[in-house]
Amino acid sequence: MMSAHTSRRQRLRQATLEEIHTAARKLLVEQGSAAVTINAVARQVGMSGPALYHYYAGHDELVGAVTADFFRELVAAMEQARDARSDAPIGDRLPAVCRAMRAWAVAHPAEFGWIFASPVTAPNRRPDSARHQAALRFEQVLLDLTVELWGARPFPVPDLAELPASLREQLTAYSAAIDGRLPPEAAHVFLSCWIRLYGLLCMEVLHQLDFAYTDLEPVFEECLRDLVTALGLDDAAV
């Protein structure tokens, strides 16, 4: 009896959490990030502000949990694109994943902004936070493909000794953090590719290039071709 009662209570709590997340997303999309306050979300779900603190310790934790949902949604789109071509060469799978990322970002600019264009507060940088864990899963999609490529046909890398000392130290630390799956010099190429792709997407989604471009898809495709070349996939059909 106690187990059934506990299970029912957990289901009710989960349903309320989903309602809270839906309300926060609606406010974000329709009114902007400033509208997503504890009291505003609480009103949307028919509870008081203090009552919402039974579910989240504060605004930062709420934002982190909702952002984790966005990460998971984005990752699911990327993984679907990857798995739809599971038997294809990596030169086909990697661009497909990148295009899926852009498609999701363009279709969900407010959510993308919360993921990538908002400061990450201290509570959401904790390794055990929902946002941090979801971000790691996102990183893993691109990292796994790059590691697979590195194992099959290593791509050109810079001479580690010629990089600035501070950069060498950071790349060595990152390589260790991913269990050495990429050596520091290969990690540098991986991160450089990601930074370029991410930067272009941010500028597109935030309308920073509207002064020059009305359609950024050709620019994105050009960037994708450059990245594929940097990864030694000149023969990929991009």
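This briefing walks through the fold, the empty spaces, the cysteines and two threonines of the structure above. The model is predicted. Its protein chain has 11 helices and 0 strands, and 42% of the 238 residues count as buried. A search for enclosed space turns up 1 cavity of 30 Å³ or more, while the largest pocket holds about 470 Å³.

**Overall fold**

- Reading from the N terminus, the elements run α-α-α-α-α-α-α-α-α-α-α, with no strands in the chain.
- Along the principal axes, the C-alpha atoms of the protein chain fill a box of roughly 60 × 45 × 40 Å.
- Take the contacts between residues at least 6 apart in sequence: 65% of them join residues at least 24 apart.

**The largest pocket**

- The space in this pocket comes to about 470 Å³, and 20 residues line it.
- Which residues lie nearest its centre? They are F116, A135, F138, E139 and W194.
- Helices α6 (109-116), α7 (122-125), α8 (130-152) and α10 (184-205) are the elements that each give two or more residues to this lining.
- Helix α8 provides the largest share, with 7 residues.
- By class, the lining has 14 nonpolar, 3 polar and 3 charged residues.

**The second largest pocket**

- Here the space is about 160 Å³.
- The lining consists of H59, D60, V63, T67, W114, S118, P119, V120, T121, N124 and R131.
- Helix α4 gives 4 residues, the largest share of this lining.
- Sorted by class, the lining has 4 nonpolar, 5 polar and 2 charged residues.

**The cavity**

- If you are placing probes or waters, here is the general idea: rolling a probe the size of a water molecule over the atoms shows where empty space is left.
- The largest cavity has a volume of about 150 Å³.
- Its lining is made of L94, C98, L142, T146, F190, C193, W194, L197, L224, L227, V228 and L231.
- Helices α5 (90-107), α8, α10 and α11 (217-230) each supply two or more of the lining residues.
- The largest share, 4 residues, comes from α10.
- What classes of residue form this lining? There are 11 nonpolar residues and 1 polar residue, with no charged ones.
- W194 appears in this lining, and W194 is also one of the residues nearest the centre of the largest pocket.

**Cysteines**

- How many disulfides does a search of the whole structure find? The count is 0.
- Why is C98 not bonded to C223? The closest cysteine sulfur to that of C98 belongs to C223 and is 8.6 Å away, which is too far for a bond, because a disulfide needs two cysteine sulfur atoms within 2.5 Å.
- C193 is in no disulfide either, and its nearest cysteine sulfur, again that of C223, lies at 8.5 Å.
- Is C98 buried or exposed? C98 is buried, with a relative accessible area of 6%.
- C193 is buried as well, at 11% relative accessibility.
- Both C98 and C193 are among the residues that line the largest cavity.

**T67 in helix α4**

- T67 sits in helix α4, which covers residues 59-83.
- With a relative accessibility of 1%, T67 counts as buried, because the cut-off for buried is under 20%.
- A polar atom of the T67 side chain lies 2.7 Å from the backbone oxygen of V63.
- Beyond its neighbours within four places in sequence, T67 is in contact with W114, I115 and R131.
- T67, V63, W114 and R131 are all among the residues lining the second largest pocket.

**T16 in helix α1**

- T16 belongs to helix α1, which spans residues 2-31.
- Its relative accessible area is 17%, so T16 is buried.
- The side chain of T16 has a polar atom 3.0 Å from the backbone oxygen of L12.
- Not counting residues up to four places away in sequence, T16 touches M47 and Y55.

Methods: Residues are numbered from 1 along each chain as its sequence is written. This is a predicted model: local features need pLDDT of at least 70, side-chain atom pairs count only at pLDDT 80 or more; totals for chains, interfaces and linings use all residues. Side-chain values use heavy atoms; hydrogens and water are left out. Buried means under 20% relative accessible area, exposed over 50%, partly exposed in between (1.4 Å probe, protein chains only). A polar contact is a pair of N or O atoms within 3.5 Å; within protein, one must be able to donate a hydrogen and the other to accept it, and residues adjacent in sequence count only if both atoms are side-chain atoms. Contact means heavy atoms within 4.5 Å. On a 1 Å grid over the protein atoms alone, a cavity is a set of points where a 1.4 Å probe fits but cannot get out, and a pocket is an open set with protein on both sides within 12 Å along at least five of seven lines; lining residues have an atom within 4 Å of a point. Grid points are joined across faces, edges and corners, and a volume is the space filled by probe spheres set on the points. Ala, Val, Leu, Ile, Met, Phe, Trp, Tyr, Cys and Pro count as nonpolar, Asp, Glu, Lys and Arg as charged, and the others, Gly among them, as polar.
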